[in-house]
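Take a first look at the structure below. After it comes a short tour, from the overall build down to a few single residues.

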Number of protein chains: 2
Amino acid sequence: MSLKNCMVAQSGGPTAAINASLAGVIDGVMKSEKYDTIYGSLNGITGILNNDLMNLSALMEKDEAYLHRLTVTPAMFLGSCRHKLPNYLDDDSSYVYIFKQFADYDIDAFFYIGGNDSMDTVLKLSEYGKRIGSPIRIIGIPKTIDNDLCETDHTPGFGSAAKYIASSLLEISHDTFIYAVKSVTIVEIMGRDAGWLTAAAALARNEYNKAPHLIYLPEVPFDKEDFLLDVKRLLFEQNNVIVAVSEGIRDASGNYISASEQSVDTFGHSQLSGVGKTLEFLVKEKLGVKVRSVEINVLQRCASHLASKTDLDEAFALGNKAVALSEEGVTASMVTMNRVSDNPYCIEYGYAEIKHIANEAKSVPLEWISDAGNDIKQPLLDYLAPLIQGEVDVTYQNGLPVYMNVSHLAKHQ
Amino acid sequence: MSLKNCMVAQSGGPTAAINASLAGVIDGVMKSEKYDTIYGSLNGITGILNNDLMNLSALMEKDEAYLHRLTVTPAMFLGSCRHKLPNYLDDDSSYVYIFKQFADYDIDAFFYIGGNDSMDTVLKLSEYGKRIGSPIRIIGIPKTIDNDLCETDHTPGFGSAAKYIASSLLEISHDTFIYAVKSVTIVEIMGRDAGWLTAAAALARNEYNKAPHLIYLPEVPFDKEDFLLDVKRLLFEQNNVIVAVSEGIRDASGNYISASEQSVDTFGHSQLSGVGKTLEFLVKEKLGVKVRSVEINVLQRCASHLASKTDLDEAFALGNKAVALSEEGVTASMVTMNRVSDNPYCIEYGYAEIKHIANEAKSVPLEWISDAGNDIKQPLLDYLAPLIQGEVDVTYQNGLPVYMNVSHLAKHQ
């Protein structure tokens, strides 16, 4: 029986671990007795539509160091997209073309590595494939720094972002403690709807550092007056107050906390300052204390030089698992992790049907947030701690990390 | 002859290398046949004034791992201050008390680790000491991420900040290239008056990455129209344009480029958005392209987990050198580095009289900036490259870097 091929793509927002999952898929295919070539579709699903494909097996054969180098490279080696397929009942032209491509390339399985929106694509492709009686496996591999995908204990990319946030908080604390004057530092962390990443800031606390002293997650309505009272109370007891706040905090009516629309620049545009800046102005105005805000933004999702080994190992293993499942005939599913225990940390790899996952989101449980809504509880710390363990072996050359050459994305440049 | 003691303090803004210089001083004193104890003054010169001193020799004796751990700890282990001594002719009370403290603690030499303002303190203490005929040595040890101290080829703290900037630019590039749509990314980097650190962003360029595609330093007047033309021209040729810009860029009249004072928030305060945000709004308004800004701010000066080994080794050596010089009787000086060659990279340690240094600043030479004022030239790259070489051995525990316990600073908390 002749060998079949596989295809893989990445989509959505980048993380420090998504290339580890890609490497896991490539590794799984290269070791498989059932499969021959693994093709990569550039810029997510659109690569299949534009016939922008790359022979990843041939690439990996050029140098055995590439697989590890790919594992530690930040963002998406295959590029990404934010393309949502239409409902095939409305317009099936994309679907017809995609499955024609699958046939032309002798594809047995298609792996899509991404977050919530990407799982929607997996769902749609699976349903269409089922409708036309196609045997082709469609499998999703999770990815997101937000940690909000359902059916899996946590998601690849989250552990590394959490490690980066916690390390940065510790370093910001050292930076803050040096002056013997009262000050407030507000650190704005990514996470519009789920507070998992902001909660990870608490991992910075140790025997000598108690910061962040306050933590505000989007799961709890934010009250400006309560916030000011929290800060004022702490300023009585100590000089430096450090606050970790999610970019997605909202008031009781559900409105995002950010600079009011009354603030307009010379171009006539409302200045959306972000939560950090808004709270900085608030503290300055109401408390009159020295205050600064730090917006960590893009660096928290692409700082591969500080990736979590646990995260990358799991991301790679999920890629392997996806290939193994497709060999067994599993389809319309996403590979998952289930936690057996916190200490010792132990997980199992499995899978769940995609219809339970696509377009669903998982928030931080309210019972893991303090009653006052300004800190987290021990069970959440116990959940988070294992995910940031271990450091990754990154090669440096001329003082900089060595990552995969992504000039193939530059042909769109 | 009985052994004398030394005292050391740190001041000004933090870097990832200032504790390496402190460790070098401690190491120099511990190995010296002339000196017994090294005392640290907490929060710069104010520690001497408030009798807030720490026996660093006793601390280091507790654990031989402490010296290396101190070397890699970010910010100031002894805390900092921004205290400027008055002219002693106007008011000599501080000076009298400081020299009394020196006498009480049997101090032979005082080392002050800091930037420009700190060298002003070294100058003043030296002049006062000379006036009263004191034999006590006053020696400055340089420190700043801005790299703007005169008489020294470069300054401790700069190399690590440069390594962080270059690594971050490379990672931001990977993050940017993933979408096949036109976009502009503006990265705002520290440096109000000197463009050394912003220039270091160019080190991110390699065989596949040409970003940052545009670099704007404060040494050259910034023109918004020219900037827009630069960006527009590049957008014809490629999808993603990444710009590195110093926070201190000014227009031809010398006004800082930032959100106009017309922008006012609900509290009635002008919103100082910073250069990155200002240029983001400008590009959005005038070019209508997808654009984002990234402000690296505090992380570039305290990210010790990505420090440059060259930087820390030199910072430590300068601490050693300061002790050696004081043994020889040198005073009223700052230890310096002189570059013998770029390739192979070779420097010599020396010293220069403090009167040539205090309150002076060193900018990027105009001949090292491109004629168009939007990039840097090869000699500047050759100057910068050696400074970011080598990685530091940081110990990790529970997924986080292990730094020195700074709870002694928290007694001010």
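Helices (H or I, at least four residues) and strands (E, at least two) are DSSP runs, numbered from the N terminus. With that in hand, we can place B:N51: it sits in the loop between α2 (46–49) and β3 (53–55) of chain B.

Before going further, some ground rules. This is a predicted model, in which local features need pLDDT of at least 70 and side-chain atom pairs count only at pLDDT 80 or more, while totals for chains, interfaces and linings use all residues. Residues are numbered from 1 along each chain as its sequence is written, chains are lettered from A and ligands numbered from 1 in the order in which they are written, and side-chain values use heavy atoms, with hydrogens and water left out.

**Chain A as a whole**

Chain A has 13 helices and 13 strands. Its radius of gyration is 23 Å, close to the 22 Å that the globule rule gives for 413 residues, so chain A is as compact as a globular protein of that length. (The radius is taken over C-alpha atoms, and the rule is 2.2 Å times the number of residues to the power 0.38.) Along its principal axes, the C-alpha trace spans about 75 × 45 × 45 Å.

Of the 413 residues in chain A, 64% are buried; buried means under 20% relative accessible area, exposed over 50%, and partly exposed in between (1.4 Å probe, protein chains only). Contact means heavy atoms within 4.5 Å. Among the chain A contacts with a separation of 6 or more, 77% come from residues 24 or more positions apart.

The domain assignment, which is automatic or from a database, splits chain A into domain 1 (4–157 + 304–360 + 391–400) and domain 2 (159–302). Where they meet, domain 1 of chain A gives 17 residues to the contact and domain 2 of chain A gives 13. The C-alpha centres of these two domains of chain A lie 34 Å apart.

**Two buried residues**

Helix α7 (residues 158–176) of chain A is home to A:T176. With a relative accessible area of 5%, A:T176 is buried. Leaving aside neighbours within four places in sequence, A:T176 is in contact with A:S183, A:T185, A:N240, A:I242 and A:R292.

Over in chain B, B:N297 lies in the loop between β9 (290–295) and α11 (299–302), and its 11% relative accessibility counts as buried. Which residues does B:N297 touch, not counting those up to four places away in sequence? They are A:S293, A:V294, A:E295 and B:M190. B:M190 is 107 residues from B:N297 along the chain, yet their C-alpha atoms are separated by 6.4 Å.

**Backbone oddities**

Most residues other than glycine have a negative phi, and most peptide bonds are trans. Here are some spots that go the other way.

| Site | Backbone feature | Value |
|---|---|---|
| A:A211 and A:P212 | cis peptide bond | omega about 10° |
| A:N343 and A:P344 | cis peptide bond | omega about 5° |
| B:N51 | positive phi, not a glycine | phi near 55° |
| B:E151 | positive phi, not a glycine | phi about 70° |

In chain A, A:P212 is in the loop between α8 (196–199) and β7 (214–216), and A:P344 is in the loop between β10 (333–341) and β11 (346–353). In chain B, the loop between β5 (137–142) and α7 (158–176) holds B:E151. Buried or partly exposed: how does B:E151 come out? B:E151 is partly exposed, with a relative accessible area of 41%. B:N51 is partly exposed, with a value of 41%.
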